[in-house]
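User: Please take me through this model by question and answer, giving the cut-offs behind each term as it comes up.

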Amino acid sequence: GGRPLGLIARQPRFIVAVACGVVSYLLMNFLMTAAPLAMQLCGLSQESANLGLQWHVIAMYAPSFFTGSLIARYGATSIVVTGLGLIGAAAVVGLTGIEVTQFWATLVLLGLGWNFGFIGASAMVLECHRPEEKTRVQSLNDFVVFGTMAFGSLLSGGLLTAYGWSTVLWLSFVPLTLAFIAIA
């Protein structure tokens, strides 16, 4: 039951929600996949890379205890903007150097940004459908988000080896800019 999926998918709010979910997940996976490889290319230890990824995962999921409350208080769009800003800050920190602390800070900011960006975008999707449309709308959202994320994961290693860590970080600003334009 419910409206046709094409009608739902053409809603501006839905397009923005999916775009922000795509960008949040794409960039998280894009940078998270490349970061430990970049750390090794920069001569840092495997242990340092492992610890950075452990803190990244904590930063991804620990805020979930209060992200929903923040969305209820400030709205999904504000939380998404904060998340995208944190992902941008992660890229900026990564561009400041190749010391272990810069990689770790990049990974932690990236995890926090993903949490706010993706969960906020998911909350925005919930505003775009009726209960009877939930399964189809969520399926479409997941297909687009995770399909794009897989593509970014495949690209990151190749771009890292061909062009270096800085290029990977600079490329992050392209989808971030598009997401901010979509929100505006």
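User: Is tryptophan 114 buried or exposed?

Analyst: This is a predicted model, in which local features need pLDDT of at least 70 and side-chain atom pairs count only at pLDDT 80 or more, while totals for chains, interfaces and linings use all residues. Residues are numbered from 1 along each chain as its sequence is written, and side-chain values use heavy atoms, with hydrogens and water left out. Buried means under 20% relative accessible area, exposed over 50% and partly exposed in between, with a 1.4 Å probe and protein chains only. Because its relative accessibility is 4%, tryptophan 114 counts as buried.

User: How are the rings of tryptophan 114 and phenylalanine 118 arranged, stacked or edge-to-face?

Analyst: Rings of Phe, Tyr and Trp (its six-membered ring) pair if their centres lie within 6.5 Å, and planes under 30 degrees apart count as stacked, over 60 as edge-to-face and the rest as tilted. The two residues are four apart in helix α6 (residues 100-126), which means that about one helical turn separates tryptophan 114 from phenylalanine 118; helices here are DSSP runs of H or I with at least four residues, numbered from the N terminus. Since the ring centres are 5.5 Å apart and the planes lie at 10°, the pair of tryptophan 114 and phenylalanine 118 is stacked.

User: Which residues form one aromatic cluster with Trp114 and Phe118?

Analyst: A search of the whole structure finds eight aromatic pairs. Of the two residues just discussed, phenylalanine 118 is buried as well, at 14% relative accessibility. The cluster that holds Trp114 and Phe118 is completed by Tyr25, Tyr61 and Phe146.

User: Which residues does glycine 117 contact, leaving aside its neighbours within four places in sequence?

Analyst: Glycine 117 is found in helix α6 and is buried, with a relative accessible area of 0%. Contact means heavy atoms within 4.5 Å. With the neighbours within four places in sequence left aside, glycine 117 is in contact with Ser24, Ile79, Val80 and Gly83.

User: Why is cysteine 128 in no disulfide with cysteine 20?

Analyst: A disulfide is a pair of cysteine sulfur atoms within 2.5 Å, and the structure holds zero disulfides. Both cysteines are buried, cysteine 20 with a relative accessible area of 0% and cysteine 128 at 2%. The closest cysteine sulfur to that of cysteine 128 is in cysteine 20, and the two are too far apart for a bond because the distance is 11 Å.

User: Which residues are linked with Glu133 in a network of salt bridges?

Analyst: A salt bridge is a side-chain nitrogen of Lys or Arg within 4 Å of a carboxyl oxygen of Asp or Glu, and the structure holds three of them. Glutamate 133 meets arginine 3 at 2.8 Å, N to O; because glutamate 133 lies in the loop between α6 and α7 (134-163) and arginine 3 in the segment before α1 (5-9), this pair ties together parts that are 130 residues apart in sequence. Glutamate 133 also forms a salt bridge with arginine 130, the closest N and O atoms being 3.9 Å apart. The residues linked with Glu133 in the network are therefore Arg3 and Arg130.

User: How far apart are the closest N and O atoms of arginine 13 and glutamate 127?

Analyst: Arginine 13 is partly exposed at 33% relative accessibility, and glutamate 127 is partly exposed with a relative accessible area of 49%. The two form a salt bridge, in which the closest N and O atoms of arginine 13 and glutamate 127 are separated by 2.6 Å.
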